[in-house]
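Colleague: Got a minute to go through this model with me? I'd like to talk pockets, helices and charged pairs.

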Amino acid sequence: MSNDNLAQLSEAGVSIWLDDLSRERLNTGNLAGLVRDKHVVGVTTNPTIFANAMSKGEAYDEQTRELAARGADVEATIRELTTTDVRNAADLFRDVYTATNGVDGRVSIEVDPRLAKDAEKTAAEAQDLWKTVDRPNVLIKIPATEEGLPAITKTLAEGISVNVTLIFSVERYRAVIEAYFAGLEQAKANGHDLKGIHSVASFFVSRVDAEIDKRLDAIGTDEAKALRGEAALANARLAYAAFEELSSSDRWKKLAEAGANAQRPLWASTGVKDPQYSDTRYVDQLVVKDTVNTMPEKTLDAAADHADVTGDTVTGKGAEAQAVFDKLSAVGIDITDVFLTLENEGVEKFEKSWTELLETVTGQLDKAKD
């Protein structure tokens, strides 16, 4: 399998991260192999990924038995299991982290999604996770809910690196950038070295098409159907235009002079959900420097095999992307409602996965005690 496509992607300024982590990947050398052979320079996790990992195989059994013997409850066990994986992955990526001056070699771990509507508890959990993992190349994932924004600022102000997750609209993304700037300004005032603080803003892609295409099909007119599959790429390209615009602001320039790192846009949810579309469209159609694309392994393999990497497919497409949204509004799509729906669903999905994780680990603890 040729990896020229992935090499070209990296050379175009896209950092390739894997959207998956498990004890099995670490133990078998699978993750190390992807780093070696597939240009993977980081990993993202979420509650769904951990729920899947822990429901399969026996990789977590030994540690679960030890924790059960110590009398650990289910919450403490989940914390121990997940942070162990993240710590070990961070160690695996340490050379990448060093070679890229901290830009890549990053491993993300999410705050408990049940706290998504509580800024104070989210910030406290972020600090606790940072201390527990205790690796400079971890990113703490905080959702971009309205309540998440002040938690993002507060966490950055403590010198903690953050992956802002569940961003769907460009409007919310602008608020995320503001939260980042404010966090850096406070971190500087608190005496932290801005060079050591890193952040990515995870902009969800495929879910936008899935939701809007469903609504276009319900409208059913020829004009509506002609817009299928246009929204997600347009939305991401508008986000990048906002990133460029705010990166040239005087406020950012002042922070950059003080050593601040750019908060790179990260393309998340890049697995294609509609089989009518190319399975690499959210990779090769979102090629632009200073970005991250985090992919499930299936998408990574597809990109290695047949992605059509033709250089920058984002810059200068802002007006074209805006025209797509104007047309969507014209055929009756309520864009504001789409993004609200997606954010609420995103939080609910992760809460559901957390519940599944609790149930799985409870069962494993009970089994270990028998």
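Modeller: Sure. One term before we start: partly exposed means a relative accessible area between the 20% under which a residue is buried and the 50% over which it is exposed. Also keep in mind that this is a predicted model.

Colleague: OK, use it then. How exposed is Lys-289?

Modeller: Lys-289 has 49% relative accessibility, so it counts as partly exposed. Asp-290 is partly exposed too, with a relative accessible area of 36%. Those two form a salt bridge, and their closest N and O atoms are 3.8 Å apart.

Colleague: Which residues are joined into one network by salt bridges that share partners?

Modeller: That would be Glu-211, Lys-214, Arg-215 and Asp-337.

Colleague: And how many salt bridges does the structure hold?

Modeller: There are 27.

Colleague: Which pair links distant parts of the chain?

Modeller: Glu-185 and Arg-251, whose side chains meet at 2.7 Å, N to O. Glu-185 sits in helix α10 and Arg-251 in helix α14 (residues 250-257), 66 residues apart. Glu-185 is partly exposed at 33% relative accessible area, and Arg-251 also counts as partly exposed, at 31%.

Colleague: What about Arg-36, what does it form a salt bridge with?

Modeller: With Asp-37, where the closest N and O atoms are 3.2 Å apart. Arg-36 counts as exposed because its relative accessibility is 62%, and exposed starts over 50%. Asp-37 comes out at 38%, so that residue is partly exposed.

Colleague: Switching to pockets. How much space lies in the largest one?

Modeller: About 620 Å³. It is lined by 32 residues, and the closest to its centre are Asp-19, Asn-46, Thr-48, Ile-49 and Asn-52.

Colleague: Which elements give two or more residues to that lining?

Modeller: α2 (23-28), α4 (47-54), β6 (199-204) and α18 (335-369). By class, the lining has nine nonpolar, 13 polar and ten charged residues.

Colleague: And what volume does the second largest pocket have?

Modeller: About 280 Å³. Of its 14 lining residues, Ser-169, Glu-171, Arg-172, Phe-339 and Leu-340 are the closest to the centre.

Colleague: Which element supplies the largest share of that lining?

Modeller: α18, with five residues. β5 (162-167) and α10 (170-189) are also among the elements that supply at least two each. The class split for this lining is five nonpolar, three polar and six charged.

Colleague: Last topic, helix α6. How does its end-to-end distance agree with the expected span?

Modeller: Helix α6 covers residues 74-92, 19 residues in total. At 1.5 Å a residue it should span 27 Å, and its end C-alpha atoms are 27 Å apart, so the two agree.

Colleague: What happens at the start of α6?

Modeller: A side-chain oxygen of Asp-73 reaches to within 3.3 Å of the backbone nitrogen of Glu-75 there.

Colleague: And which α6 residues are buried?

Modeller: Quite a list: Thr-77, Ile-78, Arg-79, Leu-81, Thr-82, Thr-83, Thr-84, Asp-85, Val-86, Arg-87, Ala-89 and Ala-90. For reading a list like that, remember that an α-helix has 3.6 residues a turn, so residues three or four places apart point the same way.

Colleague: Great, I'll look at those on screen.

Methods: Residues are numbered from 1 along each chain as its sequence is written. This is a predicted model: local features need pLDDT of at least 70, side-chain atom pairs count only at pLDDT 80 or more; totals for chains, interfaces and linings use all residues. Side-chain values use heavy atoms; hydrogens and water are left out. On a 1 Å grid over the protein atoms alone, a cavity is a set of points where a 1.4 Å probe fits but cannot get out, and a pocket is an open set with protein on both sides within 12 Å along at least five of seven lines; lining residues have an atom within 4 Å of a point. Grid points are joined across faces, edges and corners, and a volume is the space filled by probe spheres set on the points. Helices (H or I, at least four residues) and strands (E, at least two) are DSSP runs, numbered from the N terminus. Ala, Val, Leu, Ile, Met, Phe, Trp, Tyr, Cys and Pro count as nonpolar, Asp, Glu, Lys and Arg as charged, and the others, Gly among them, as polar. The expected span of a helix is 1.5 Å times one less than its number of residues. Buried means under 20% relative accessible area, exposed over 50%, partly exposed in between (1.4 Å probe, protein chains only). A polar contact is a pair of N or O atoms within 3.5 Å; within protein, one must be able to donate a hydrogen and the other to accept it, and residues adjacent in sequence count only if both atoms are side-chain atoms. A salt bridge is a side-chain nitrogen of Lys or Arg within 4 Å of a carboxyl oxygen of Asp or Glu.
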